[in-house]
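Got the viewer open? Let's take a short walk through this model, one selection at a time.

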Amino acid sequence: MPEGPLRNAINAVRLVSGETSPMASYALFMGRRLVELHRVLKPTGSIYLHCDPTANWLLRMLMNVVIGERYFKNEIIWHFPDNFQGNVKRFAANHNTILFYARPGFTFHKIMEPLDKPKRRGGRVWSKELGKVVAEKGSDGKPVYREYTEKKADNVWTIGQSSVTNPQSSERVGYPTQKPLALLERIINASSNPGDFVLDPFCGCGTAADAAAKLGRQYLGIDVSAIAVRVMEQRLASRGGAATPVVYRMGWEDYEWDTFEQRALQPAADAEDGLPGWAWAEDKVAGLLNAVPNSKKIGDGGVDARYFTEADEVIPIQVKMHQGQIGRPDMQRLIGVQTEWQRQKINAPMSLMVTLYPPRESLRVYAAQQGRVVLRGDDYPRMQVLSVQEMLTKQERPKLPPVDPRYFVGDTQTRFAIS
Ligand SMILES: C[S@@+](CC[C@H](N)C(=O)[O-])C[C@H]1O[C@@H](n2cnc3c(N)ncnc32)[C@H](O)[C@@H]1O
């Protein structure tokens, strides 16, 4: 557990959200990472932290504690008015927050935005004697009027998401949390110079790295998901081999059951990376199955990962990494997700439940009772339940249709390539 004010902040989250709540684990997880990011931040550097509305309240507190309240620069509202919203009984949620903090000697370049239509107004100049901006005057002492076609960007950034959500967009790579290139370009342009270094420690499909490459910055992207690394590798290669990623991939054969079990049951406080065992194991299982983990960990009907097939089917995966047995309600919830997805026209023909220990026989029977499904001439169980213990000790695997090649991480266990 970290010491001092960070410890107090994490304890505050534990107090309000519950000792074992996802928010408390997240606070510890992020707190530790922010400490390391601050450690490697250059004296001219800035840190931009993207938050979705579920956790921005606690991230602001952690940033104040780790980076320092006095280094806070802006709370940027990233507004995406082109987001499709269902018929929700509240205001449409069309923004995320980006917290901007910086070291005292930070680099900053103003960003100009075009105005909808040119605007004529009095010119303004900096007065050295008065130490402030004053009205610009001509040699005749009269105010000078100018026509402006652009303005300095403020802390509300309107950058639509269609470039990453529209299937027709050339920018879209299909990674579920992809961010628009324009967003990352703006950040990099504002806070760095060509040749500077950009680090994105949760880089997903590598938008920050792609923007950095485009703008002539050096970059390093890190992601725990092998799928993300794979997508990023292809993406950067398509930019003309801008970089060769260093990839480290673990396969099922890299894990021993005993050590997996031990780590999966480890409380966050004892874990080196601050992750509670269940969260660590969930992420590993998703990666090992070539599935995409649900990075939010909250909501989403309890779905922990999605497996995308070569034919655009989506298989919901629930991963239950705790000591106790799962029950029939857990299985029913998963069927409920599948039904709900199908109602939303998502092609979800089957589902998978992964437990830590072998499930009770009655649950296997229940899964088998859900019937079979034939996909492209192959027969699959509509619902499967399988444990990590069986996968690691008996080499059992779920029967899944071939994965979408974009998410296939390959058979290579370890691949080091440094350009
Ligand atoms: C919101 S996404 C980032 C999206 C990215 N900006 C993009 O444009 O694709 C968060 C990413 O963090 C990764 N992640 C989750 N836990 C991680 C960890 N412990 N270390 C590194 N990456 C992690 C997830 O795999 C996911 O790709």
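Before we start, one term: a crossing of two helices is right-handed if the near helix is turned clockwise from the far one by less than a right angle, and left-handed if it is turned anticlockwise. Keep in mind, too, that you are looking at a predicted model.

**Stop one: α5 and α6.** Select residues 181–191 for helix α5 and residues 207–214 for helix α6; their axes come within 9 Å and cross at roughly 60°. The two helices are therefore oblique to each other. Turn the view until one lies in front of the other: α5 passes α6 in a right-handed crossing. To see who makes the contact, show L181, L184, E185 and I188 on α5, then T207, A208, D210, A211 and A212 on α6. Colour these by class and you get six nonpolar residues, one polar and two charged.

**Stop two: α1 and α3.** Now pick residues 4–17, which are helix α1, and residues 56–68, which are helix α3. Here the axes come within 9 Å and cross at roughly 165°. That makes α1 roughly antiparallel to α3. This crossing is right-handed as well. On the α1 side, show P5, L6, A9 and V13; on the α3 side, show L58, M61, L62, V65 and V66. What classes turn up in this contact? Nine nonpolar residues, with no polar and no charged ones.

**Stop three: the ligand.** Centre on the ligand, which has 16 residues around it. The closest are K179, F202, G204, T207 and S225. You have already met T207, in the contact of α5 with α6. By class, the shell around the ligand holds eight nonpolar, six polar and two charged residues.

**Last stop: confidence.** Colour the protein chain by pLDDT: the average is 87, and 91% of the residues score at least 70. Then select residues 411–419, where the pLDDT is below 50. Beyond near neighbours in sequence, this stretch has 15 contacts in the model.

Notes:
Residues numbered from 1 in each chain as written. Predicted model: local features only at pLDDT ≥ 70, side-chain atom pairs only at ≥ 80, totals over all residues. Axes fitted to C-alpha atoms, helices over the stretch in contact; angles between N-to-C directions. Helix = DSSP H or I, 4+ residues; strand = E, 2+ residues; numbered from the N terminus. Parallel < 35°, antiparallel > 145°, perpendicular 65-115°, else oblique. Contact = placed C-beta atoms within 7 Å. Nonpolar A, V, L, I, M, F, W, Y, C, P; charged D, E, K, R; others polar. Near = placed C-beta within 6 Å. pLDDT = per-residue confidence, 0-100.
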